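Take a moment to look over the sequence and the model that follow. Then read on for a guided walk through them.

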Amino acid sequence: MIARGATTNLALLGLLAAAFLTGWLAFAFATAPARWSLVVHAAAGFAILALLPWKSMIARRGLERPRPGRWASVLMGVLVLVSMGAGLLHSTGLLVDWGSLTAMDFHVGAALAAVPLAIWHVAARRVRVRPTDLSRRRLLRGGAALATATAAYAASEVVVRITGLPGATRRFTGSYESGSFRPDLMPVSSWMFDAIPNMDQDAWRLRAGGRGWTYDELFAFDDRVTATLDCTGGFYSTQEWAGARLDRLLGAAAGTSIRVTSSTGYGRRFPLENARSMFLATRVGGQALDAGHGFPARLVVPDARGFWWVKWVTSIEADDLPHWWQSPFPLQ
Ligand code: HEM
Ligand code: HEM
Ligand SMILES: Nc1nc2c(c(=O)[nH]1)N[C@H]1C(S)=C(S)[C@@H](COP(=O)(O)O)O[C@H]1N2
Ligand SMILES: [Mo]
């Protein structure tokens with residue numbers, strides 16, 4: 001029965017899908033739900049590790065038959081292993097930064113690259129399910145395996161704390177502290193490909209609330225907030241921000257949502273009622289923003305992930321589109 005491997009392959013499919021979904025779910029939140037989703041995520045990851053001995057028997061047998069596309073299966077295996085290894089390096093803190101990239105970048109990058117190969121793999125290497133594959137005994141065994149994987153994850157977290165590995169200091173999102181209250185030490189990051197633009201302070205205008213604002217007009221606002229930018233790349237940084245609360249810029253703007261747009265074209269949409277708790281910052285730690293952190297002005301959205309904190313903002317416009325009318329994650 002084990003020799004046929006259908007149960008192992010199906011369990012792998014479920015676990016890979018669960019790991020992928022909970023990973024993105026954790027990225028969507030900067031609050032407590034991120035932790036729950038990451039517990040499920042890590043348990044799924046450990047369960048995949050536990051299945052490797054069985055899967056390698058299946059793979060070895062499969063590789064003995066010359067079939068087109070074997071290299072794609074092997075490449076997918078390499079990508080999944082790279083993703084898993086980078087995930088563990090990040091979570092333990094053994095290796096978090098690799099030059100300008102982070103372990104998280106490799107973790108998510110390798111997982112994303114594996115997706116088309118995984119779809120092909122499942123389609124090209126069909127599993128024929130027989131009733132015995134889903135017997136009660138096997139389901140029980142699967143449940144026990146999941147419980148063991150969760151316990152193994154809990155144990156790994158205990159070990160990380162006892163041994164005092166850097167991973168013990170990470171936040172509930174998994175991110176590491178970096179340069180808090182020291183803007184000069186705060187990392188500069190972008191979602192994907194945005195380069196730091198050259199902004200001319202005198203020519204710059206902000207479109208908001210149906211009018212244009214100059215840099216000096218915006219700089220005159222002094223609303224303050226202490227907030228934590230938590231980047232999905234794996235760092236967080238708490239700073240004292242100053243600028244204008246968004247509802248003050250918008251005035252009596254009508255609509256259901258606002259779109260905040262960067263000079264680079266990057267932008268995010270928010271519910272209009274959130275404007276009261278969002279800020280367009282011109283300063284951090286009492287100093288004007290530098291180019292990397294969003295000069296002339298950048299969004300500060302307390303309790304939202306870093307990718308919502310649009311930099312180099314040029315317009316804030318209200319309209320009647322629903323706030324969820326956008327890609328869940330930026331596409332540029
Ligand atoms: C092939 C798919 C994936 C597998 C097998 C996988 C597996 C893992 C493993 C084993 C860990 C280390 C768990 C620990 O010891 O704490 C981890 C951590 C993490 N993964 Fe994934 N992952 C996958 C995809 C993703 C994706 C697509 C995302 C996000 C979009 C993601 C986000 C994270 C985050 C944020 C952590 C850090 C958790 C923490 O430090 O507490 N993962 N992953
Ligand atoms: C971690 C994820 C996985 C890796 C790294 C992996 C890797 C491999 C490799 C290297 C082979 C042998 C080469 C080949 O036949 O192309 C193979 C075969 C196979 N895989 Fe996977 N696989 C994974 C997940 C899955 C999943 C989710 C399914 C189906 C739901 C699946 C079904 C199969 C089947 C049916 C074979 C053929 C076995 C045989 O010919 O006896 N695999 N896999
Ligand atoms: N215009 C623009 N704004 C952006 C991004 C981007 O790529 N383009 N990246 C976002 C992401 S993912 C993060 S984590 C923060 C990083 O801000 P920092 O460079 O000040 O640390 O900016 C956000 N704002
Ligand atoms: Mo980010």
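**A walk through the model**

Start at ligand 3, where a nitrogen atom of the ligand sits 2.9 Å from a backbone N or O atom of W309. The protein covers 100% of the 540 Å² of accessible area that ligand 3 has on its own. Keep in mind that this is a predicted model. W191 also takes part through its backbone: one of its N or O atoms there is 2.9 Å from an oxygen atom of ligand 3. S262 uses its side chain instead, with an N or O atom 3.1 Å from a nitrogen atom of the ligand. Which residues come nearest to ligand 3? Out of 22 residues around it, they are P187, S189, D194, H293 and K311.

Now step back to the whole chain. It has 332 residues, and 42% of them are buried. The chain contains 7 helices and 13 strands. Its C-alpha trace spans about 75 × 45 × 35 Å along the principal axes. About 17,300 Å² of the chain is exposed, and carbon and sulfur atoms supply 65% of that area. Contacts often reach across the sequence. Take the contacts between residues at least 6 apart: 69% of them join residues at least 24 apart.

Next, go to ligand 1. The shell around it holds 25 residues, and R35, H41, S91, H107 and R170 come nearest. Two histidines make polar contacts here. A polar side-chain atom of H41 is 2.7 Å from a nitrogen atom of ligand 1. In the side chain of H107, an N or O atom is also found 2.7 Å from a nitrogen atom of the ligand. S91 adds a contact to an oxygen atom of ligand 1, and its polar side-chain atom lies 2.9 Å away. Which elements give two or more residues to this shell? They are the helices α1 (6–28), α2 (33–64), α3 (70–92) and α4 (103–124). The largest share comes from α2, which provides 7 residues. Sorted by class, the shell has 15 nonpolar, 8 polar and 2 charged residues.

Stay with α1 for a moment, and find T8 in this helix. Is T8 buried or exposed? Its relative accessibility is 11%, so T8 counts as buried. Leaving out residues up to four places away in sequence, T8 touches L51, W54, K55 and I58. A118 is 110 residues from T8 along the chain, yet the C-alpha atoms of T8 and A118 are separated by 15 Å.

Strand β6 offers another buried residue. D223 lies in this strand, which covers residues 223–230. Its relative accessible area is 13%, so D223 is buried. The side chain of D223 reaches the backbone nitrogen of R245 at 2.8 Å. Apart from neighbours within four places in sequence, the contacts of D223 are W241, A242, G243, A244, R245, R248 and F279.

Now look for pairs of opposite charge. The count of salt bridges comes to 12. One of them joins the side chains of D230 and R171, with N and O 2.7 Å apart. This pair links distant parts of the chain. D230 is in strand β6, R171 is in the loop between α5 (136–162) and β3 (176–177), and 59 residues separate them. How accessible are the two partners? D230 is buried, with a relative accessible area of 1%. R171, at 22%, counts as partly exposed.

A second salt bridge joins D319 and R269, whose closest N and O atoms are 2.7 Å apart. Here two strands are linked: D319 is in β13 (residues 313–319), and R269 is in β9 (residues 267–271). The partners are 50 residues apart. D319 has 25% relative accessibility and counts as partly exposed. R269 has 7% and counts as buried. Salt bridges that share partners also join E157, R161 and R170 into one network. R170 is familiar from the ligand 1 shell, where it is among the residues that come nearest.

Finish with E217 and R211. Their salt bridge has its closest N and O atoms 3.2 Å apart. E217 is partly exposed, with a relative accessible area of 36%. R211 is partly exposed too, with 34%.

Conventions
Residues numbered from 1 in each chain as written. Chains lettered and ligands numbered in written order. Predicted model: local features only at pLDDT ≥ 70, side-chain atom pairs only at ≥ 80, totals over all residues. Heavy atoms only, no water. Near = heavy atom within 4 Å. Polar contact = N/O pair within 3.5 Å; in protein donor to acceptor, adjacent residues only side chain to side chain. Helix = DSSP H or I, 4+ residues; strand = E, 2+ residues; numbered from the N terminus. Nonpolar A, V, L, I, M, F, W, Y, C, P; charged D, E, K, R; others polar. Buried < 20%, exposed > 50% of the residue type's maximum accessible area, 1.4 Å probe, protein only. Contact = heavy atoms within 4.5 Å. Areas by Shrake-Rupley, 256 points an atom, 1.4 Å probe, with all protein chains shown as cover. Salt bridge = Lys/Arg side-chain N within 4 Å of Asp/Glu carboxyl O.
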